[in-house]
Amino acid sequence: MIPPAFDYHRPADLPAAVALLSEHGEDARLIAGGHSLIPMMKLRMTAFGHLIDLQGVAALRGIEVGATVRIGAMTTQHEILTHAGLAEAAPILAEAARQIADPQVRYMGTLGGNVANGDPGNDMPGLMQCLDATYHLAGPDGERTVAARAFYEAAYVTARAEDEILTAVSFARPAGGGAYEKQKRKIGDYATAAAAVQIAMEGGRVTAASVAMTNLSDVPVWSEAAGAALVGSACDEEAVAAAVAAMLADIDPASDNRGPVEFKRHVAGVILRRAIARAADRAEGGQA
Amino acid sequence: MNDLTPSREERTANLKGLGCARKRVEDARFTQGKGNYVDDIKLPGMLFGDFVRSPYAHARVISINAEAALALPGVIAVLTAKDLEPLGLHWMPTLAGDRQMVLADGKVLFQGQEVAFVVAENRYVAADAIELIEVEYEELPVVTDPFKALEDGATVLREDIADKLEGAHGPRRHPNHIFRWEAGDEAATEAVLAEAEVVAEETVYYHRTHPCPLETCGCVASMDKINGKLTVWGTFQAPHVVRTVASLLSGIAEHNIRVVSPDIGGGFGNKVGVYPGYVCAIVASIVTARPVKWIEDRMDNLMATAFARDYWMKGRIAATKDGRITGLWCHTTADHGAFDACADPTKFPAGFFHICTGSYDIPVAWVGVDGVYTNKAPGGVAYRCSFRVTEAAYFIERMIEVLAMKLGMDSAELRAKNFIRKEQFPYTSALGWEYDSGDYHTAWDKALKAVDYEGLRREQAERLEAFRRGETRTLMGIGLTFFTEIVGAGPVKNCDILGMGMFDSCEIRIHPTGSAIARLGTISQGQGHATTFAQILASEIGIPADDITVEEGDTDTAPYGLGTYGSRSTPVAGAATALAGRKIRAKAQMIAAWLLEVHDDDVEWDIDRFAVKGAPERFKTMKEIAFAAYNQAIPGLEPGLEAVSYYDPPNMTYPFGAYVCVMDIDVDTGTADIRQFYALDDCGTRINPMVIEGQVHGGLTEALAIAMGQEIAYDEMGNVKTGTLMDFFLPTAWETPNYVTDWTETPSPHHPIGAKGVGESPNVGGVPAFSNAVHDAFRAFGLTQTHMPHDHWRIWQTANRLGLHG
Amino acid sequence: MSKMHLKLTVNGQAVETLAEPRELLIHVLRERLDITGPHIGCETSHCGACTVDMDGKSVKACTVFAAQAQGAEITTVEGLAGPDGMHVLQQMFREHHGLQCGYCTPGMITRAWRLLQETPRPTEEEVRHGMAGNLCRCTGYQNIVKAILAASDAMAAQKEAAE
């Protein structure tokens, strides 16, 4: 219940935050909303000397909606859920955010925290891969970007260097219709299986499709083949079955309290089918 | 009499007595954050204690090095078994005639077991100190399977009693065997089974789970060396018993010990027994001469405190081919964990499990229970179980379903055919219980009509056809249950907790200005006693409930009682309350007669006053009588107006109910949508309908959790897999449906106000209802039994094994 | 371990205390400021018994460091009643039997208070979803939902009467 001790820092801007991170190296952790880090500290699963609180860094806040959507890393799930511009430009985001944790956690949990720590259970990484998002990183040597699809290497291992801070996430405004479908044991649980699907259609044919799966491997899984199986089709049963088969070849779920591998694979297929159906429906209805 | 005189209806309503949906007096403080729970208590100089706990399920403790911990500023002491041994406190007696380690004495026997107790200035220092204590363990083979535990050559867990062939409950046939307990007639039952037209057989497992009250266990122990008095505040469902036990264990005379149960954040049987935390906090307070607080974490609570259930029940039920049950046989293997700490009355090592003939008139029956040690936490009796009645009800309600399938009969009809009939009460079951009262057929008919049972079956049949045609992937399940349970322990001649007879008590004092205070031997943990027991009294003594304070939980002032669990408060303390009230009224009658200058027999009771027979305009209200008790010198009567009653119940009480659960199950995802839940409860006289309904809602939600996903699960190394709320399923408002509650009222003939108690019924009846709904959904495909919990993956697996995934 | 000088506003009052940066806000409130309304029910941020309102957000006080709360404006259940008596939510919890042991109640009411500001006229579904961060073992939630919907009705009627 009681976390180990640390020295606390609240930098006033991004350069100060980066400097602190460089200074303390391995012995420092960043805290955004704290709702992944603090529970681990309370279980004494992690300890370090310096905590760097990002809540004072204004540059990490803000949502811009245009042809590109750009969301600051410290944006909370609650802010994503209640932002009118986002609801119109990329409703799949609010749909996913609504299914993360519970209201209190959503008030504090941030997009940056959710995508940066490499927890395979988090929902936003898969969604960002579906949207082909770009992660913006700032370090002592300046700024760079990494595609979400290239960011995750293993559980809790990402392309972010120890001295870098994830500052924002951006993606092109999605076309067509999207859906985030998640099966879980109860509200607040991680996914037993979740699927993020974005489909664009024209004249009854799929012109673009992107599929990403969550908590079915030690990293989020963007299944290129699953998306490709839908492109050019009328999103009929044959195409959907092919997409599901392709997705199943790309995931590698582990057995845990949520169930054995065969169960998760079966549910993954059901969840993906439902997500495809809803995304296609919205694409045809003209709603994103 | 004139228009200004309140009518009899108004005077009755003004009392807010029996039957009134009186709003609760407790709510003022709870809704404004002014409750007083154990962790709210702060005393000057108070220290905080916490445990080093074993990561292993079975291991020798080779060494404990506390040097670094003791060097940490703010650490006062570290206690180990070696420190408790000179006091004889390194082990303590359990409620079940066994003994359990307070701190690891040479070995540990379950993951999470207490190894050392750190005492520090505050909980932050204590947590840091715990990390610095080095314990060297030598792992031993782990036994988690109670059947394997009884095999020849199985690892011996309880080396301390390995050579003891006699346990507290009779002979032990294996070092890991605890007891064998039986009831009924085995030979006659075998004979009936042998010649029966139909016999259905099944193994029904009620899995291990945990009551998980929202407030964990804890205490503050304060030894006042100057006055020689020990005070302990704590999460105690039985404060007087804790005081007596504390006196016996510590050697401090009982009048110098004060135990106080303040507000308790849920008990559900988790807070009945004495835990190592209480003992260590008391010892630490005596040793340091400062108050010591111990409050466990949630993981500690789930891993180390009293679990519930874990009964492997093998059943054989015999019947004629037209569905008349002729006999019931049950053998149970009971997994008790590493120490037998079951909170049962001492003569009943398997509690009241032999209520397992349920609501049915079964002429011949036999039940045998074998208790077994395993490398798991101790406990077993908890979680609204009424002493194993939850297990018994689940068993018989599953066997009814299995028998119905074998007979090709509708199980609603099978039940009705075999119910104990109204004329048969009081009814003595084949396993020895005398059921007090019941009218099962009326309740059953009411329930089935309320849910349109026939309509539901028609709908189910249509859905099944649609499923077979490939039009839907959901199956509909209708879960039926008709439970009879046994509560109100109990008659002193056969019910005791550690030798204390299971009576209960009420003491009342009326004040001169007509209000009153009553103190009870019970202790509410949310049941609303301060509200409801005042209602009982109001109806007995004609003083408004709003003018009666009800107190519980302070052993310095409350009369001795056995506490609150097993739905015993209303049957036992409620009876004491009514009888104490009648003593008050008896004296009040004499005072009234004297004031009215008539003979005692010439006045009669009328709601809130005594009036002269034949001259109702001449009366004295209880308020006037109360003042007179202090103000008048009445020949032959002592001044004052007070009474006490210690009630030894002549029998238990037998609440019953009819529940129907309708579920839609998605065979591909394993998810179950609870579409409808109807619960009819008969708890005899209904004191406060609002409180009863709340109890049913809460108990049903516990049942939902138990049936549909909650468990204390271990892997083969004895690691707890469900030790946090991430994996230990507690439904939120989102997963919980709306319930429809209903009732019939069949008073208990032996209870002064006919009340039976209701707190545990919804858990007793709820679990079979939810579980039977799951089974019923797959009935058409031949499913006879699938073990709980019915979480998504297990439901999916059932569908998979039945070939429903094409 | 050096302490920091913590300054907060709690239930409308400016307060100060010394606390280690790692101290959880729930412990600062309960142990240092003697505000024992919010309770502790778990250590994994699931149960919501510790819920407070911090800078306009429903927050689990067990998952916030003292250091993060520097300068924050916090409302707990103790701060909801007004000069005229209990807040209508507190009244409705009593009226509709939305509590039994009372342990989840402070967090429950504090969260409901913010929920009704987010969504003044919620449907039952919105209430259940909006309260899913608060666990209760006693009530089965049904009467809690009833109480919150009743409070919403009462507050809407009050507003209409005032206009």
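## Briefing: chains A, B and C

In chain C, 58% of the contacts with a separation of 6 or more are between residues 24 or more positions apart; two residues count as in contact if their C-beta atoms, placed from the backbone, lie within 7 Å. Keep in mind that this is a predicted model, where local features need pLDDT of at least 70, side-chain atom pairs count only at pLDDT 80 or more, and totals for chains, interfaces and linings use all residues. Residues are numbered from 1 along each chain as its sequence is written, while chains are lettered from A and ligands numbered from 1 in the order in which they are written.

**Chain C on its own**

- Chain C has five helices and five strands, which are DSSP runs numbered from the N terminus (helices: H or I, at least four residues; strands: E, at least two).
- Walk along the sequence of chain C and you meet β-β-α-β-β-β-α-α-α-α.
- The radius of gyration of chain C, taken over C-alpha atoms, is 16 Å, which agrees with the value near 15 Å for a compact globule of 163 residues. That rule is 2.2 Å times the number of residues to the power 0.38.
- The C-alpha trace of chain C spans about 50 × 35 × 25 Å along its principal axes.
- Of the 163 residues in chain C, 66% are buried, so each of those has 20 or more other C-beta atoms within 10 Å of its own, with C-beta atoms placed from the backbone.

**Where chains meet**

- Chain C puts 45 residues in contact with 43 residues of chain B.
- On that side of chain C, helices H2 (88-95), H3 (105-118), H4 (124-130) and H5 (142-162) each give two or more residues.
- The same side of chain C splits into 21 nonpolar, 17 polar and seven charged residues. Here Ala, Val, Leu, Ile, Met, Phe, Trp, Tyr, Cys and Pro are nonpolar, Asp, Glu, Lys and Arg are charged, and the others, Gly among them, are polar.
- Chain B also touches chain A, with 22 residues from chain B and 17 from chain A.
- For that contact, helix H5 (123-132) and helix H20 (792-801) of chain B give two or more residues each.

**Inside chain A**

- An automatic or database assignment gives chain A domain 1 (7-53), domain 2 (60-172) and domain 3 (177-284).
- The centres of domain 1 and domain 3 of chain A, taken over C-alpha atoms, are 35 Å apart.
- Chain A has an open sheet of three strands in the order S1-S3-S2, with parallel pairing; strands pair if DSSP finds at least two bridges between them.
- Strands S1 (7-9) and S2 (28-31) of chain A are the edges of this sheet, each pairing on one side only.

Note on methods: Buried ≥ 20, exposed ≤ 12 C-beta atoms within 10 Å, placed from the backbone.
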